[in-house]
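Biologist: Please pick a single part of this model and take me through it slowly, beginning with the part itself and then moving out to its surroundings.

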Protein chains: 2
Amino acid sequence: MRILGGKWKASILWHLKDGPVRFNELSRMLGGASKKMVDQRLKELEVQGLVTREVICDRPIAVTYEITEFGRTALDILEKLKDWTEESDF
Amino acid sequence: MRILGGKWKASILWHLKDGPVRFNELSRMLGGASKKMVDQRLKELEVQGLVTREVICDRPIAVTYEITEFGRTALDILEKLKDWTEESDF
DNA sequence: GCAACCAGTATACTTTTAGTAACCACGCTA
DNA sequence: TAGCGTGGTTACTAAAAGTATACTGGTTGC
């Protein structure tokens, strides 16, 4: 729970599952999350090795975030959790 | 995360896996958790249907908490999470 | 030159969660 | 009858998590 808990980490991983996504795109996907939150969570996920940060070009500054193989193993478990919540009546 | 998150719920379910446990016994098992914390989490788990509360009013007031079948399905997933954290280097 | 977009940073604030300490009513035992 | 253990409750504080808003410095397109 310390590693994957909180309001946003699972959502971030979920939104990265189909490939790299840019910072602002991700912010929009997450709707209610402030940039600060997205930024903080991404930094944590990067330190944890679940996500990688890549600067695509300096000129029009572009950064993408991509889920790692290790991050996908986390996502597998999060999907099981999701299935469980959907089977029950929460 | 809203359902199973927080610092104590997973530990409580874990300690109930081998059968009913009394309130104070559970408090001691959880070490650093105050009675208030244990009480609050148990109430939530009861509302969620993961745990049942039974008053065994033998005259010396005794209450036990027991994990439900549904609670065990949650425990299965929490064990997967635990395995995952142990495979990685957290 | 201006607006809008990019990837952030800074600061202040509110809300939620965790935790402490003291208390109650009851029963048992020395 | 004093002190312990049982299952709580109440009032409070501290810390973590999240929100809001403004800001920087650069780029793109008109």
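Modeller: What follows is a close look at helix 3 of chain A. The model is predicted, with local features given only at pLDDT of at least 70 and side-chain atom pairs only at 80 or more, while totals for chains, interfaces and linings use all residues. Residues are numbered from 1 along each chain as its sequence is written, with chains lettered from A and ligands numbered from 1 in written order.

Helix 3 of chain A (helices are DSSP runs of H or I, at least four residues, and strands runs of E, at least two, numbered from the N terminus) has 13 residues. From its first C-alpha to its last, this helix reaches 18 Å, close to the 18 Å expected at 1.5 Å a residue (times one less than the number of residues). Just after helix 3 of chain A comes A:Gly49, which takes a positive phi of about 80°.

Within the helix, A:Val38, A:Arg41, A:Leu42 and A:Leu45 are buried (20 or more other C-beta atoms within 10 Å of their own; exposed means 12 or fewer). These four lie on the same side of helix 3 of chain A because they cover an arc of only 105° around the axis, taken from the directions from axis to C-beta atoms. The face turned away from that buried side carries the exposed residues A:Lys36, A:Lys43 and A:Val47.

The buried residues of helix 3 of chain A pack (C-beta atoms within 7 Å) against helix 1, helix 2 (23-29), strand 2 (51-57) and strand 3 of chain A. A:Leu42 is also among the residues with the most contacts inside the largest nonpolar core, which has 16 residues (a core joins buried Ala, Val, Leu, Ile, Met, Phe, Trp, Tyr and Cys through C-beta atoms within 7 Å). Helix 1 (9-15), helix 3, strand 3 (62-67) and helix 4 of chain A each give two or more residues to this core. A second, separate core of 14 residues includes B:Leu26 and B:Val51.

Another of the most connected residues in the largest core is A:Leu13, which touches A:Leu50, A:Ile67, A:Gly71, A:Ala74, A:Leu75 and A:Leu78, leaving aside residues up to four places away in sequence.

Turning to the DNA, 21 residues lie around strand D, of which A:Lys7, A:Pro60, B:Phe23, B:Asn24 and B:Val63 come nearest (near means a C-beta atom within 6 Å). Helix 3 (35-47) of chain A gives two or more residues to that surface, as do helix 2 (23-29) and helix 3 (35-47) of chain B.

Terms used:
Contact = placed C-beta atoms within 7 Å.
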